[in-house]
Amino acid sequence: MIPLILYDITSKLERKYWSPNTAKPRFVLGYKGLPFRIEWVEYPDIAPRMKAIGARQNRLLDGRDAYTLPVLNDPNTGALITDSWEIAEYLEKTYPKKPIFSNKSKGLIRAFDAVLINLLRPVSKFPILRASEILSERSAEYYITAREEGLKEKLSEFSPEGPKREEHWVNLEQIFSTSREWYDKEEGKWLMGDTFSYADIITAAGLFWLKSVLHGDEWEKIAGWHDGRWARLLADVEKECNGV
């Protein structure tokens, strides 16, 4: 089998990985045991590079179309897929061994994904601020400009120390309290009890993002919530996905 190619956003971190959106297909590929390699891309190069390989644009939350990552190239079938959800659907259909949408759960997991995105949106400025610190100078400049335009606010106003940052912490902890209630509905460590699913990958991708971009003491604060539940969940998902 020819290794699949996953296009990911590079950073200054040792392993380079940090993006939650690209983490999702990486976890799926690892879980299904599919061979793949990473093609690293700087932010300013995403549009020209994706255009050059024939990838389609993605519809953003504000309605605009833009070239985004992740993009997956499967040389075994000739498929070129944009967007983490569509990649998950493609991998499930094309490589059904070790399913991520068991028991006809795709619709429910899609709803779970949408709800989680809406919960995270009000606090996203904090990790977005931190993400700007781990990118190369070229990528950081592009990333900051795009985020300032999209959020209609200067980077320095995203999550300054003081009341605004404290509000973000309060809201973030509430999100994890809500997530704990969801996970507690079934016995077992996964959202669907003993059945691992794409819902756990979605949760872990968000945790991976926070662990990658936040300062060490900030991540440790989250890791300590609910008796260390979220650090364990991330570790469990990474193990389930063969440590990718």
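Here is a quick briefing on the fold, the open and closed spaces, and the aromatic contacts of this chain. Keep in mind that this is a predicted model. The chain is built from ten helices and six strands, and half of the story below is about what those elements enclose: a largest pocket of about 1900 Å³ and a largest cavity of about 140 Å³. The rest is about rings, with 17 aromatic pairs in the structure.

**Overall shape**

- The radius of gyration is 18 Å, and a compact globule with 244 residues would have one near 18 Å, so the chain agrees with that expectation.
- Along the principal axes, the C-alpha atoms fill a box of roughly 55 × 45 × 35 Å.
- As for burial, 50% of the 244 residues of the chain count as buried.

**The largest pocket**

- This pocket has a volume of about 1900 Å³, and 46 residues line it.
- If you want to find its centre, look for Asn21, Leu60, Leu61, Thr68 and Arg147, the closest of the lining residues.
- Plenty of elements chip in: H1, H2, strand E3 (58-59), helix H3 (84-94), H4, helix H5 (125-131), helix H6 (137-151) and H8 each supply at least two lining residues.
- H6 gives the most, with seven residues.
- Sorted by class, the pocket lining has 25 nonpolar, nine polar and twelve charged residues.

**The largest cavity**

- Searching the whole structure turns up one cavity of 30 Å³ or more, and about 140 Å³ of space lies in the largest cavity.
- There are 15 residues in its lining, and the closest to the centre are Leu120, Phe176, Gly206, Leu207 and Leu210.
- Helix H4 (106-120), helix H7 (163-183) and helix H8 (198-213) are the elements that give two or more residues to this lining.
- H8 has the largest share, at six residues.
- The class make-up here is eleven nonpolar, four polar and no charged residues.
- H4 and H8 turn up in both places: they help line the cavity and also supply residues to the pocket.

**Aromatic pairs and a cluster**

- Trp18 and Tyr43 make a tilted pair, 6.4 Å centre to centre with 50° between the planes.
- Trp18 sits in the loop between strand E1 (4-9) and helix H1 (20-31), while Tyr43 sits in the loop between strand E2 (36-41) and helix H2 (46-53), so this pair ties together parts that are 25 residues apart in sequence.
- Both Trp18 and Tyr43 are buried.
- Phe112 and Trp182 form an edge-to-face pair, because their planes stand at 70°, with the ring centres 5.5 Å apart.
- Since Phe112 belongs to helix H4 and Trp182 to helix H7, that pair links parts that are 70 residues apart in sequence.
- The two partners differ in burial: Phe112 has 12% relative accessibility and so counts as buried, whereas Trp182, at 25%, counts as partly exposed.
- One aromatic cluster takes in Phe126, Trp169, Phe176, Tyr183, Trp225 and Trp230.
- Phe176 is worth a second look, being part of that cluster and also among the residues closest to the centre of the largest cavity.

**A charge over two rings**

- Arg26 lies over the face of Tyr17, at 3.9 Å from the ring centre.
- The charged end of Arg26 also sits over the ring of Phe27, 5.4 Å from its centre.

Methods: Residues numbered from 1 in each chain as written. Predicted model: local features only at pLDDT ≥ 70, side-chain atom pairs only at ≥ 80, totals over all residues. Heavy atoms only, no water. 1 Å grid on protein atoms, 1.4 Å probe; cavity = no way out; pocket = protein on both sides within 12 Å on 5 of 7 lines; lining within 4 Å. Points joined across faces, edges and corners; volume = space filled by probe spheres on them. Helix = DSSP H or I, 4+ residues; strand = E, 2+ residues; numbered from the N terminus. Nonpolar A, V, L, I, M, F, W, Y, C, P; charged D, E, K, R; others polar. Phe/Tyr/Trp six-rings, centres within 6.5 Å; stacked < 30°, edge-to-face > 60°. Buried < 20%, exposed > 50% of the residue type's maximum accessible area, 1.4 Å probe, protein only. Lys NZ or Arg CZ within 6 Å of the ring centre and 35° of its normal. Rg over C-alpha atoms; globule rule 2.2 N^0.38 Å.
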